[in-house]
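Let's take a walk through this chain together. Have the model open beside you and turn it as we go.

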Amino acid sequence: MVEHLRETGVTDDQIIEMNFETHEFKKMSADDFYYYVKERIIPGKRMYLFFDELQRITEWEDTVNSFQVDFDCDIYITGSNAYLLSSEYATYLSGRCVEIKMLPLSFSEFLYFHDFEVKETKSALGGTRTQVFDKHGERYELREVFDAYMRFGGMPGIADVGLDQEKAMVLLDGIYSTVVIRDILEREKRRGQKRITDPVLLRKIILFLADNIGSSISVSSIGNTLVNEGLLEDGKRKGAPSAHTVQSYVNALLESYFYYDIKRFDIKGKEYIRTLGKYYIVDIGLRNYLLGVPNRDSGHAIENVVYFELLRRGYDVAVGKVDHAEVDFIATKADEKLYVQVTESMTSEDVRCRELAPLQKNNDNYEKIVLSLNPGLDTSYDGIKSFNLIDWLIGKA
């Protein structure tokens, strides 16, 4: 954002940046904070204030609210979820407050961050094919690079350590530890609440959800399933945790943006269904770190990728129910609606029938598409478009 402002003509003296993790601001009080900024305000000019890890300043919200009253300024704030959830900022800030949600890298961004360039090259048959070149000129098939994305995920830090399995797992371990240990467990302590007190149970629920991304899950069944599968038998437990307890742990994971939940929508009944939602993990690389098996349930893994791509493109997303069949995603925004099925391959007749049936049962006029890694030769089925998933991710479909 700072770079964008400079490119649009905002001068450096209109920009104030403060990172409260640095030693320079370690002992700063709320009053010190106010006067530090006030001394740098230029009368008659709009100021742009950037504050990282602002929660380290006690009573920071009063100072920020004063800035809004006293100065002509835009204010940008980041803070750790260990101290304050992003959803809670609006309660502390008077006036207009906009939350900007960040997601791990999309596949297109992954290519950019890792210095890959997509090019059209000539094939032996005289046509063209899409290939990828790294910064050294090495050539790769697009599917090879997509497989790397599905293994390493989209955490930007991976680009710093390179596509090295051992280094990537160390980085992902650090991210996992930060989210779970600091952002969830420490936040509960600071809140003075005792909902999330069992780190073993928390990890088991994390692993269960990671192993069941894209599956219909009832929160009330998670504890029983963990016990039945022997995942909670440590000699101390007398039974499954209550549904209320499991819901508290799941809510904490949703609040920390480690998992996202998606509701089911009855297309014919035109209403949301309360039971059996689905959960997707924020980064497929984190799932591989947790489960240790990069190709585990690859069908649901690519479904996970499509879900977050739809979010990035600005859609509200739900699971669709048509009679006893299911549409993977109903994506809506403004006057646009898109029905999406995701599958690994469309070459088998049985798979085609299974994937197309829910879309064929829905006879409205909105666009319906099937995304697959192997779409076969047909590009449409009775008006239902079939796209190569990777082409769709990079904007070629």
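Which residue in β5 stands opposite Lys119? That would be Gln131. Before going further, keep in mind that we're looking at a predicted model. The two strands involved are β4, residues 117-122, and β5, residues 128-133, and they pair in the antiparallel sense over six bridges. Follow the chain from one strand to the other and you come to a hairpin with five residues between the strands. Within that hairpin, Gly126 takes a positive phi near 95 degrees.

Now zoom out for a moment. The chain has 397 residues, and 44% of them are buried. It holds 15 helices and 14 strands. Look at contacts between residues at least 6 apart in sequence, and 60% of them join residues at least 24 apart.

While we're on backbone angles, two other spots deserve a look. As a rule, most residues other than glycine have a negative phi. Ala334 goes the other way, with a positive phi of about 45 degrees. You'll find Ala334 in the loop between β10 (325-333) and β11 (336-345). Its relative accessible area is 87%, so Ala334 counts as exposed. Asp382 also has a positive phi, near 50 degrees, and it isn't a glycine either. This one lies in the loop between β13 (380-381) and β14 (384-388). Is Asp382 buried or exposed? With a relative accessible area of 74%, Asp382 is exposed.

On to the helices, starting with a pair that meets. Helix α6 covers residues 142-152 and helix α13 covers residues 298-312. Their axes are 11 Å apart, and the helices pack at an angle of about 90 degrees. That angle is why α6 counts as roughly perpendicular to α13. On the α6 side, the residues in contact are Phe146, Tyr149 and Met150. From α13 they meet Ala301, Ile302, Val305 and Arg312. Sort the contact of α6 with α13 by class and you get six nonpolar residues, no polar ones and one charged.

Stay on α13 a little longer, since Glu309 is found there too. How does a glutamate sit here, buried or exposed? Glu309 has a relative accessibility of 7%, so it counts as buried. Leaving aside residues up to four places away in sequence, Glu309 touches Ser106, Trp392 and Leu393.

Trp60 is another buried side of the story: its relative accessibility is 7%, so it falls under the 20% cut-off. Trp60 is found in helix α3, which spans residues 60-70. Check Asp31 as well: Trp60 and Asp31 are 29 residues apart along the chain, and 9.3 Å separates their C-alpha atoms.

Our last stop is helix α10, residues 219-228. Which of its residues are buried? They are Val219, Ile222, Gly223 and Leu226. Look down the axis of α10 and these buried residues fall within an arc of 90 degrees, so they line one face of the helix. The general geometry helps here: an α-helix has 3.6 residues a turn, so residues three or four places apart point the same way.

Definitions and conventions. Residues are numbered from 1 along each chain as its sequence is written. This is a predicted model: local features need pLDDT of at least 70, side-chain atom pairs count only at pLDDT 80 or more; totals for chains, interfaces and linings use all residues. Side-chain values use heavy atoms; hydrogens and water are left out. Axes are lines fitted to C-alpha atoms, for helices over the stretch in contact, and angles run from 0 to 180 degrees between N-to-C directions. Helices (H or I, at least four residues) and strands (E, at least two) are DSSP runs, numbered from the N terminus. Angles under 35 degrees count as roughly parallel, over 145 as roughly antiparallel, 65 to 115 as roughly perpendicular and the rest as oblique. Contact means heavy atoms within 4.5 Å. Ala, Val, Leu, Ile, Met, Phe, Trp, Tyr, Cys and Pro count as nonpolar, Asp, Glu, Lys and Arg as charged, and the others, Gly among them, as polar. Buried means under 20% relative accessible area, exposed over 50%, partly exposed in between (1.4 Å probe, protein chains only). Two strands pair if DSSP finds at least two bridges between them. The arc is that of the directions from the helix axis to the C-beta atoms.
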